[in-house]
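Here are my notes on this one, written as I went through it. Have the structure open while you read.

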Amino acid sequence: MATRLFAPRDPRLDPAALPPRRLVLGRALGSQGREVDQVLAVRFPAPRSYTTQEVVELQSHGGPAVLRALLAAALEAGCRLARPGEFTLRAYLGGRLDLSQAEAVAQLIAAQSEGEAGLALAGLAGGLSQVLGPVRRALTLAAATVEAAIDFPEETNELAGPALAEELRAQALEPLRRVVARRQSGRVWREGALVVLCGRPNVGKSSLFNALLGQNRAIVTPTAGTTRDAIEESALLGGVVCRLTDTAGLGLEPGELEALGRAAARERLGRADLALVVLDQGAPLTGEDRHVLDITRDISRVLTLNKSDLMPAWQAEELAGEGAPALRVSAKHSSGLEELAEAVGAALTGGQPEPAPGEAVASQRQAEALVACAAALERAIAGLEAPEVAAELVSLDLAGALARLGEVDGVDAPEAVIEAVFDQFCVGK
Ligand SMILES: Nc1nc2c(c(=O)[nH]1)N(C=O)[C@@H](CNc1ccc(C(=O)N[C@@H](CCC(=O)O)C(=O)O)cc1)CN2
Ligand SMILES: Nc1nc2c(ncn2[C@@H]2O[C@H](COP(=O)(O)OP(=O)(O)OP(=O)(O)O)[C@@H](O)[C@H]2O)c(=O)[nH]1
Ligand SMILES: [Mg+2]
């Protein structure tokens, strides 16, 4: 096919056998041999290519018309368009990448920020594979040991359950737990977080939004119901890049506009990494405040007692049952803001430091599989430590753990898992 698409300028070069991995100047040929562009071609003989298969690349000047003609010529010559993720799928099937690295390629292509790209590059370099390789080896060895004890009870000594459990804990369970624990904070450090200000009308959400940004971005008035639509700005809070969002007050007053504002606020809360619940300490807590506290209960949150410059109408102790840090601030006087920003950063990262360059951070999908893997492994370990538990049950749990691990490293991964990973690609990479 390449010979129909490319004619080297150097007459001594055989277009059917271009020198390996060398850029060669020549003409790209369109239909009926018409010149379409001056291009560089490079041949990667198998297996030293991205896909591990024979590859010829043409590097054109680009531009819509030239590319369209080149593409038409390639299709005419018998080529077809790559399906989304097809090159990476071939690289995976050829053993060049494991599944976690293939997933990292999709993340790299989709990355919107340098941080996200850095995260993906660490995955592509095999950050996760390096952690999971030893985990797989420990699990496989343990599974074989338990199998042997089941199949040849008279040949093997008594299965050394507790010793094997100890080994599994150190070599597999602990590393798995570390990777999972790193998921949330790693993502927040690298990708940033969505922080949503919420509260009943007039508590000072927009004032606090402005104070945290250090600029008058949102309108503030003494009238309840000032903010109608959600507004978003970037802010660095406790070292974390945050998309800080001001929302309409979550009140109970009727009206279509109010209802729309509340819907927008709730939609943002549904996606929030952290809710900054704003309360007015200068006025008694209301049913609306309680409502806001109720609907944010399942979100990571920081409670903000605003208007601390006024005479307090209630005490912070009233929030003791909320299970969230509560801080007194005054948006009007910009006091307590440093501490608030620190508390937000700490809540988002769980107090964990920024990941080192190249440190592995799992994706959501990977973290879920690894949590399930760790759970199965814990059952296996408990079984090994309890003499009354049959080796058959331990063996089943170890097989379960290996299967969940396979969803991340791709070893014996089911078709559906592989499809789910390659479905993340939107281009033929
Ligand atoms: N022109 C071009 N640029 C590209 C790609 C490509 O396929 N072509 N890539 C596609 O995503 C990325 C680079 N990824 C690649 C990974 C491995 C090999 C490769 O040929 N590996 C061989 C040889 C290694 C060597 O020369 O040291 C190997 O590992 O055996 C090529 C590209 C980004 N840039
Ligand atoms: N004394 C005092 N007043 C404040 C403070 N923060 C906000 N206010 C006042 O409270 C009123 C409401 O402030 P906003 O920031 O508009 O309140 P909001 O929560 O955004 O209100 P909606 O958008 O209507 O839901 C304004 O008159 C502010 O000046 C504060 O820390 N102390
Ligand atoms: Mg407002």
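1. Start with two residues that sit out of sight: serine 206 and threonine 227 are both buried. Keep in mind throughout that this is a predicted model.

2. That pair holds the magnesium ion (ligand 3), with Ser206 giving OG and Thr227 giving OG1, at 2.0 to 2.1 Å. The two come from distant parts of the chain, 21 residues apart. Serine 206 belongs to helix α8 (residues 205–213), while threonine 227 lies in the loop between α8 and β6 (231–237).

3. Next, have a look at threonine 304, in strand β9 (residues 301–306). Is threonine 304 buried or exposed? Its relative accessibility is 0%, so threonine 304 counts as buried. Leaving aside residues up to four places away in sequence, threonine 304 touches Leu208, Leu276, Val277, Val278, Leu279, Leu327, Val329 and Leu340.

4. Helix α9 (residues 256–271) is worth a slow rotation on screen. With 16 residues, α9 spans 23 Å from first C-alpha to last, close to the expected 22 Å at 1.5 Å a residue. Its buried residues are Gly261, Arg262, Ala264, Ala265, Arg268 and Leu269. Viewed down the axis of α9, the buried residues fall within an arc of 160°, so they line one face of the helix. As a reminder, an α-helix has 3.6 residues a turn, so residues three or four places apart point the same way.

5. What sits on either side of α9? Turned away from the buried side is a face carrying the exposed residues Glu256, Leu260 and Gly270. The cover over the buried residues of α9 includes strands β5 (193–198), β6, β7 (240–246) and β8 (274–280), plus helix α10 (287–295).

6. Now for the nonpolar packing. The largest nonpolar core has 33 residues, and the ones touching the most other members are Leu139, Leu168, Leu176, Leu370, Leu377 and Leu398. Helices α6 (127–151), α7 (161–191), α12 (364–385) and α13 (391–409) are the elements that give two or more residues to this core. The largest share, ten residues, comes from α12.

7. To see this core from one residue, pick leucine 398. Not counting residues up to four places away in sequence, leucine 398 touches Leu139, Ala142, Ala143, Val146, Leu168, Leu377 and Ala380. There is also a second, separate core of 31 residues, with Trp189, Leu197, Phe209 and Leu213 among them.

How values were computed: Residues are numbered from 1 along each chain as its sequence is written. Chains are lettered from A and ligands numbered from 1 in the order in which they are written. This is a predicted model: local features need pLDDT of at least 70, side-chain atom pairs count only at pLDDT 80 or more; totals for chains, interfaces and linings use all residues. Side-chain values use heavy atoms; hydrogens and water are left out. Donors are N, O and S atoms within 2.8 Å of the metal (3.2 Å for Na, K and Ca); water is not among the atoms, so sites may look incomplete. Helices (H or I, at least four residues) and strands (E, at least two) are DSSP runs, numbered from the N terminus. Buried means under 20% relative accessible area, exposed over 50%, partly exposed in between (1.4 Å probe, protein chains only). Contact means heavy atoms within 4.5 Å. The expected span of a helix is 1.5 Å times one less than its number of residues. The arc is that of the directions from the helix axis to the C-beta atoms. A nonpolar core is a set of buried Ala, Val, Leu, Ile, Met, Phe, Trp, Tyr and Cys residues joined through side-chain atoms within 4.5 Å.
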